[in-house]
Amino acid sequence: MLLKDKKILIMGIRNKWSIAFGIAKAAYENGAKLIFTYMGEENKEKIENLISEFKGSKAYVLNDASKDELVKETFEKIKQENGKIDGIAHCIAHANTDDLHNDFINTSKEGYVHAIEVSSYSFVLAARMAKKLDMLNKNASLITLTYYGSTKVLDGYNVMGVAKAALESSTRYLSSNLGKENIRVNAISAGPIKTLSAKGIKDFSSILSVIEEKSPLHKNVTTEQIGNVASFLFSDMSDSITGQIIYADNGYSIVGA
């Protein structure tokens, strides 16, 4: 198994339709031991039921992954109870609904900062805190999730596109900083998937139809497929890959129109 004896932290698990769950399922099937963070102490029972199929997994509440003190407190507890880890999947992003539905030019300063802090800075913070706390094993692999809207103007993506562009640039700089310690950092640019988060994007169903029509493979990707890509990036088979944006979108990103 690709990930036998590896411990993987998945940040931002919410429900069984999420990409985070797809990553968890693939990693578990490849032998990984799973650790999760989630928002809201009130969601504890729901999350524990959600991850119950991943035997031996643990979940920790983290109410704001962009707050230094909260991430430090949670990561310290994770290390104390689990030892060092071999990978992190950063599956956290958020923008205010108004900033997705209105024209980008009307994005408020507060909305702009919020999207950047939650969707981009939180990945930098996770990497920095894991390094500072000596939490990562040698050859660890860090992964985050991005989207095509980081490089192209997509109706309804707006400030999230800006946040994802910052996230992709952060991936490259983090890979440079951590490479000297044999820690790899990559991003997966997943094709559109019908998750709860995607419901915030205007006319999302029409985006799925365009992918089916125009992508070279003429179908949409699944959370399971993204999970398989993540498992590869966590594994030693990808030990020469870092600082990359890996497109897992059935080829849509190569199409000119």
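Select Y147 to begin: at 12% relative accessibility, Y147 counts as buried. Buried means under 20% relative accessible area, exposed over 50%, and partly exposed in between, using a 1.4 Å probe and protein chains only. This is a predicted model, where local features need pLDDT of at least 70, side-chain atom pairs count only at pLDDT 80 or more, and totals for chains, interfaces and linings use all residues. Residues are numbered from 1 along each chain as its sequence is written, and side-chain values use heavy atoms, with hydrogens and water left out.

**Stop 1: the tyrosine pairs**

Add Y157 to the selection. Y157 is buried too, with a relative accessible area of 7%. How many aromatic pairs does the count come to? The count is 5. Rings of Phe, Tyr and Trp (its six-membered ring) pair if their centres lie within 6.5 Å; planes under 30 degrees apart are stacked, over 60 edge-to-face, and the rest tilted. The ring centres of Y147 and Y157 are 5.1 Å apart and their planes stand at 65°, so this pair is edge-to-face. Y147 and Y157 both sit in the loop between β5 (136-146) and α6 (159-179), 10 residues apart. The helix and strand names follow DSSP runs, numbered from the N terminus: helices are H or I with at least four residues, strands E with at least two.

Now pick Y148 and Y252. They form an edge-to-face pair, 5.6 Å centre to centre, with 75° between the planes. Y148 is in the loop between β5 and α6, while Y252 is in the segment after β7, 104 residues away. Y148 is buried at 13% relative accessibility. Y252 is buried at 16%.

Next, show F21, Y28, F36 and F54. Ring pairs link these residues into a cluster.

**Stop 2: α1 against α8**

Two packed helices are described by the angle between their axes and the distance between the axes. Select helix α1 (residues 19-29) and helix α8 (residues 223-234). Their axes come within 7 Å and cross at roughly 55°. Axes are lines fitted to C-alpha atoms, for helices over the stretch in contact, and angles run from 0 to 180 degrees between N-to-C directions. α1 and α8 are therefore oblique to each other. Under 35 degrees counts as roughly parallel, over 145 as roughly antiparallel, 65 to 115 as roughly perpendicular, and the rest as oblique.

Show the contact, meaning heavy atoms within 4.5 Å. On α1, choose I19, G22, I23, A26 and A27. On α8, choose T223, I226, G227, N228, A230, S231 and F234. These contact residues divide into 7 nonpolar, 5 polar and no charged. Ala, Val, Leu, Ile, Met, Phe, Trp, Tyr, Cys and Pro count as nonpolar, Asp, Glu, Lys and Arg as charged, and the others, Gly among them, as polar.

**Stop 3: α5 against α6**

Move to helix α5 (residues 109-132) and α6. Their axes come within 8 Å and cross at roughly 20°. α5 and α6 are therefore roughly parallel. Residues of α5 in the contact include Y112, I116, F123 and K131. Facing them in α6 are residues including M160, L167, L174 and L178. By class, this contact has 14 nonpolar, 5 polar and 1 charged residues.

**Stop 4: A248**

Finish at A248. Where is A248 placed? A248 lies in strand β7 (residues 245-248). At 11% relative accessibility, A248 counts as buried. Leaving aside neighbours within four places in sequence, A248 touches I188, S189, A190, G191, V221, I226 and V229. The C-alpha atoms of A248 and V229 are 7.6 Å apart, with their positions 19 residues apart along the chain.
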